[in-house]
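Welcome to this tour! Open your viewer, get ready to select residues by number, and follow along stop by stop.

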Amino acid sequence: MNKDNNYIKIFNVSFGQIAYASFLICVVSGIFVALPYDVSKPFESISKFLLVNENAKLIRSIHYWSAQFFLVFTLFHFWDHLRLSTEKNVTSGMWIRLILSILIVIFLMLSGFILKGDEESIFAQNIFSELINTIPLIGESISFFLLGTSENFQTIYLHHIATATILLLFFIIEHAKIITPSNKAFYITLPLILFVSSLLSPNLHDKYFSIVKGPWYLVGVQEILHWLIYPSIFLLILLVILILLYLLWHFKKSRAKRVKKFLFVLFVLYTIMTVIGFYLRNENWEFCYPWQFNPYKNAFSTVFDVKNLFTQSNHNIKLISGRYEGCLSCHENVKGLSPSHDPEAIGCVSCHLGNPFTLNKNQAHSNMILIPGNLSDAKITCGRSQCHSQIVERVNKSLMNTMSGVVSVDKFVFDEINSLDEIFKIQELKYSPADTHLRNLCASCHLSNEKNELGSINQLSRGGGCNACHLYYSKEAESSLQNYKVAKFNKDYKLSKLHPDIKLPDSNNYCFGCHSRSGRISTNYEGWHETELNSFDSTNQNYRQLDDGRIFVKTIPDIHYKKGMLCIDCHISSEIMGDGNVYSHKEQQVKIQCIDCHIKDKPVTKSLRQFDYESKKIAEIRKLALDERDYLIVHKSGEPLINTFLENNEAYLIKKRTLEIEKIKKPLSVCFKDNAHKNLSCNTCHTSWSPQCTGCHTEFNKNSFRFDLLSNEEMKGEWIEHAQNFIADYPALGVKVDKDKKVIDNFVPGMILTIDKDKSNIKDKIIFKRLYAPAFSHTIRRESRSCKSCHLNPSALGYGRGKLEYKIIKKGNWIFTPEYPLSKYDGLPMDAWIGFLQEPKGNNTTRNNMRPFTLEEQKKILEVGACLMCHAENSEVMKQALVNYESIKKRLSDKCIIPD
């Protein structure tokens, strides 16, 4: 540090002087930091004095920032030397020691970072250790000498406070030829460090956050290592740099200049890598913008409590999951949460974020999330690394979030796409006619819809991410919330001691909000059918009004509902939350089938030890886990049905809410042994009714305003739907082609509608579609529908409602008289799927692999219908026909006139 006037100076003090002053401040403050520091419990000890000792917190901040100043100004000083080519002003031996001091500086900085003992520190230690271990022959020995073991910080602590510090101090004094820097260097450096330290006190990584990075000056190393196949290449690069630095002393001026330029380019590239790694990298090395997601927004506290600067807090600070957290010093004795989410077990910050390492209210609430669990923040709340990280990613891809099928069908109807299987995310809708139609009428029922208000999940709830299924308000919690709202309104603020619970769902209420619309699965299941009524007699128990004003009439409920079963008694977690795959339609994501429980052959089972982690954990929480049980499995995926078991070749179901055990009936032999019905789904025969309507007129008014369900604000232009004739009736039947196998299944009118894009120009703007959709209406009953309800029912065949007659005048002929008028667009009855005894034409379903009956199939069905005109369904001849219909046809009497 000679006094050459060519050195760059700040207030007549060189970079080297400032770096040296910063180093000495760092050493002195480090001595005081070591007093409350416990090397056996580093994270615990630091988190405690951050909360209870403002004095220790300030000194630690000084220690941190003086180290950062030392590093930065050392780099400036080194650059200053290279700029002035003063490397030859020292002896060759000293030059080698100065280069060695670079490694010591890096080790001192890194060891100090590791000694925090938090998640970032352990991560940095592991990377550093693995990197050194790649050195051939001696790598492991060097790693052990420098770092010790990963379970014990004693070795690295001794090197940090003694070995490396003393060695570096010796090199600095030898190089500077002075014992201490100038007083002016202290006058400049100390106030600046004190100022920054009082504004920004470094926090700890809270052990829950999923993104972990090293210190800012080594984030570039992380980025480089990510791209290198072999980490040892980085060590070679570092070795080459050190060799080049050493050779600068031996090179001629011209060659040394070229080497310096090369090193400068490497430094610039490393700086770019550092910026990318620090600001532009999200979880799993995904790119992000700094303003989108900043993992270090709580890296610093910003205010010191000056009043308590030299006193120790008397708050009752609790140790939670290996760290002290300040939240419970105010929010103590919080009740209502189940053990897995109890604040005593996981604290408050694990869900609500904020800053756990301060007792200052404003700092503690900084960046806090009042309602965690929305998918916009689920990755950093519910999806933290120690919580449910894998599930959050699955939920984001699930149809409950993307609504891909809803979007693709709607766009297909509006002639905006040609394929029904395109993948979409409803959150990415723009403003095409189909998009605005969805924004107006459909876009609220996706999990990304934000829950912004405190309160329980109810009939009007939409979205809410994880809250949609797992947030539970007891009556006491509801009452406490109302009292809190009143007190807050009256500015009589009181902290609530009762928290809503976060738990596995045990009610159908969670499903009701979204699934009482569209297919109306929730209302169907309970036996309620929507009407067109605007009012009703409230004393009439056969009617019910939902919170959104719609009126329903009582009809036949699902047999599973009558037995007291919940939706979750059938539907497993990988259906509801997704399995990580992206699907275009719901039947692809749904895995459960009737035959999974209603076994017809020898079933496949799993024992508890064969369960995947998630299934086993849910089984344990629900008290369904028994080692000796043989659990049934889902045939499609092989996952266990945790609330079923097999005993003496009989299947049993355990209701998840009540833990009652119910014997599961086996299907009758007629369901799967006769040739005639082997291709029918269980749903086809056992569905008692499906909600339907005969048509829908949809028009657009460009001058009115409508609420945008996606952006949650008013938008100009309104789509208005006029539905008509709500009907509870048997669904139509059609064909689903699955891997070259034909399955007869249920279908309902999905889109029999006219779309009036612009009322001012009807001729050019009308779209008409007649599309039926597959339906599992959740109205299963024990009894099967009758033979005549299929073979003699024009609606079942797709013709629509009306009178179907079989007239014999020398030969048999079918005559159909529709109940509803014909459409002016395609000439079919309003409620029809296809024309009477006609070959289906064009696109007529909302799926590519599904269709109505062909003309040949219609004839076969009606041929059996002709037999049923005379023969009873249970007659011997019809029973024989189920097994071998062709043999019966060969024995027809003269009285049997089948259709021509």
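Which side chain does Lys 769 meet in a salt bridge? Select Lys 769 together with Asp 415: their side chains form a salt bridge, with 2.9 Å from N to O. A salt bridge here is a side-chain nitrogen of Lys or Arg within 4 Å of a carboxyl oxygen of Asp or Glu. Lys 769 sits in strand 21 (residues 766-774) and Asp 415 in the loop between helix 17 (404-413) and helix 18 (433-441), so this pair ties together parts that are 354 residues apart in sequence. Helices (H or I, at least four residues) and strands (E, at least two) are DSSP runs, numbered from the N terminus.

Before moving on, a word about what you are viewing. This is a predicted model, in which local features need pLDDT of at least 70 and side-chain atom pairs count only at pLDDT 80 or more, while totals for chains, interfaces and linings use all residues. Residues are numbered from 1 along each chain as its sequence is written, and side-chain values use heavy atoms, leaving out hydrogens and water.

**More salt bridges**

Is Lys 769 buried or exposed? Lys 769 counts as buried, at 15% relative accessibility, whereas Asp 415 is exposed, with 51%. Buried means under 20% relative accessible area, exposed means over 50%, and partly exposed is in between (1.4 Å probe, protein chains only).

Side chains of opposite charge can pair when their charged atoms come close. How many salt bridges does the structure hold? There are 32.

Next, select Asp 548 and Arg 517, whose side chains meet in a salt bridge of 3.2 Å, N to O. Asp 548 is in the loop between strand 10 (543-545) and strand 11 (551-554), and Arg 517 is in the loop between helix 21 (509-515) and helix 22 (521-526), 31 residues apart. Asp 548 is partly exposed at 33%, and Arg 517 is partly exposed at 35%. Now add Arg 520, Glu 530 and Arg 550 to your selection: with Arg 517 and Asp 548 they are linked in a network of salt bridges.

Then jump to Arg 847 and Glu 587, another salt bridge, at 2.6 Å from N to O. Arg 847 lies in the loop between strand 23 (811-818) and strand 24 (850-851), Glu 587 lies in helix 25 (residues 586-589), and the two are 260 residues apart. Arg 847 is buried, with a relative accessible area of 10%, while Glu 587 is partly exposed at 24%.

**Along helix 8**

Select residues 183-199, which make up helix 8. Its 17 residues should span 24 Å at 1.5 Å a residue, and the end C-alpha atoms are 25 Å apart, which agrees. The expected span is 1.5 Å times one less than the number of residues.

Which residues of helix 8 are buried? Colour Ala 185, Ile 188, Thr 189, Ile 193, Val 196 and Ser 197. These buried residues cover an arc of only 140° around the axis, which puts them on the same side of helix 8. The arc is that of the directions from the helix axis to the C-beta atoms. On the face turned away from the buried side, look for the exposed residues Asn 183, Tyr 187 and Phe 195. The buried residues pack against several elements, including helix 1 (15-33), helix 3 (54-84) and strand 3 (201-202).

**Into the cores**

A nonpolar core is a set of buried Ala, Val, Leu, Ile, Met, Phe, Trp, Tyr and Cys residues joined through side-chain atoms within 4.5 Å. The largest one has 58 residues; among those with the most contacts inside it are Phe 23, Phe 70 and Ile 114. Helix 8 is one of the elements that give two or more residues to this core.

Select Ile 114 and show what surrounds it. Not counting residues up to four places away in sequence, Ile 114 touches Ser 121, Ala 124, Gln 125, Leu 147, Phe 153 and Ile 156. Contact means heavy atoms within 4.5 Å. Apart from the largest core lies another, of 30 residues, among them Leu 792, Met 850, Phe 853 and Ile 888.

**Last stop: Ala 443**

Select Ala 443, in the loop between helix 18 and helix 19 (467-470). Ala 443 is buried, with a relative accessible area of 0%. Leaving aside neighbours within four places in sequence, Ala 443 is in contact with Ile 426, Leu 438, Leu 709 and Leu 710.
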